[in-house]
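Me: Please take a close look at the aromatic residues of this structure. I should like a connected account of how their rings are arranged and of the chain to which they belong.

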Amino acid sequence: MKNKAFSRELLLKEVVLAMLVAVGVVISPILRVEGMCPMAHLINIVCAVLLGPWWSLLCAVLIGVIRMLFLGIPPLALTGAVFGAVLSGVSYRLSNGKILAACIGEVIGTGIIGAIVSYPVMMLLWNGTGAYNHLTLFFYVPSFIGGTLIGGTVAFLLLGALSRCGQLAQIQKKLGAKVYDHRTAAANTAGRPVA
C-alpha cells in the first residue's frame, strides 16, 4: 500500500514537472526581453516551492536544453537558470517555507552566481572574438538581476495568493512535498480555526 502511494506521488511530481517544462518552453520566447527571461525564473521558483530544489534543477536543465536545441538560445539558458533553481529550493526549505526566501534565492543564484558563471562560458565558446570581446565578469549581472526581479515578483504574487487561500499547502501535500502551512500555524496561535 505504501509503495502504491509513493508511486502515485512520484507520477504526480513527474506530471507537474512535465507541465512546468512545457509552460517554461512555450512562454519563454513570448514573454522575453532581450537578455532577460523572466518567466524562466517564475517557473524555477514555482517548481522549487512545489517540488523542491532537485526537481527545480531538473526542470531548469530540461527547459534550458530544449530552448538551446529548438530555439537557438545560447548556453545562457542553462547557466542563467540552474543555480537559481537550486538556491531557490534550498532557501525555501531553510527558511521553513518562506516564499520570499525562495525568490531571494533565485535572485542570488541566477542574478549573481549564474550571471558571473555565464561570463567564462561565453568567453570559452566565442574565444573572446566578435561581439563577445567586450564582455566583463559582471556583464550579465544587470540583465539577469532584472529578469529575476520580474519573474520573482510574479512568483511571489502567485504563490502568495495560493498560500493565503490554502491551496499551496494542499498542492504540496498531494505531491508528497514538505508542507509549510503558515496559515494553520497563525490560526492555531490565535486560537481560531482556519477557514
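**The aromatic cluster**

Reply: In this predicted model, F139, Y140 and F144 together make up one aromatic cluster. A search of the whole structure yields two aromatic pairs. F139 and Y140 form an edge-to-face pair, with 5.1 Å from centre to centre and 85° between the planes. Y140 also pairs with F144; this pair is tilted, at 5.6 Å centre to centre and 40° between the planes. The pair of F139 and Y140 counts as edge-to-face because its 85° lies over the limit of 60 degrees.

The members of the cluster may also be described by their exposure. Y140 has a relative accessible area of 7% and is therefore buried, the cut-off being under 20%. F144 is likewise counted as buried, at 8% relative accessibility. F139, at 38% relative accessibility, is partly exposed.

As for the chain itself, the secondary structure consists of nine helices and zero strands. Of its 195 residues, 42% count as buried. Where contacts join residues at least 6 apart in sequence, 67% of them link residues at least 24 apart. The accessible surface of the protein chain is about 10,300 Å², and carbon and sulfur atoms account for 72% of this area.

A buried residue elsewhere in the chain may be added. S88 lies in helix α5, which spans residues 82–94, and S88 is buried at 0% relative accessibility. Beyond its neighbours within four places in sequence, S88 is in contact with N44, I45, A48, A102, G105 and E106.

Conventions: Residues are numbered from 1 along each chain as its sequence is written. This is a predicted model: local features need pLDDT of at least 70, side-chain atom pairs count only at pLDDT 80 or more; totals for chains, interfaces and linings use all residues. Side-chain values use heavy atoms; hydrogens and water are left out. Helices (H or I, at least four residues) and strands (E, at least two) are DSSP runs, numbered from the N terminus. Buried means under 20% relative accessible area, exposed over 50%, partly exposed in between (1.4 Å probe, protein chains only). Contact means heavy atoms within 4.5 Å. Accessible areas come from the Shrake-Rupley method with a 1.4 Å probe; for residues, only the protein chains shown count as cover. Rings of Phe, Tyr and Trp (its six-membered ring) pair if their centres lie within 6.5 Å; planes under 30 degrees apart count as stacked, over 60 as edge-to-face and the rest as tilted.
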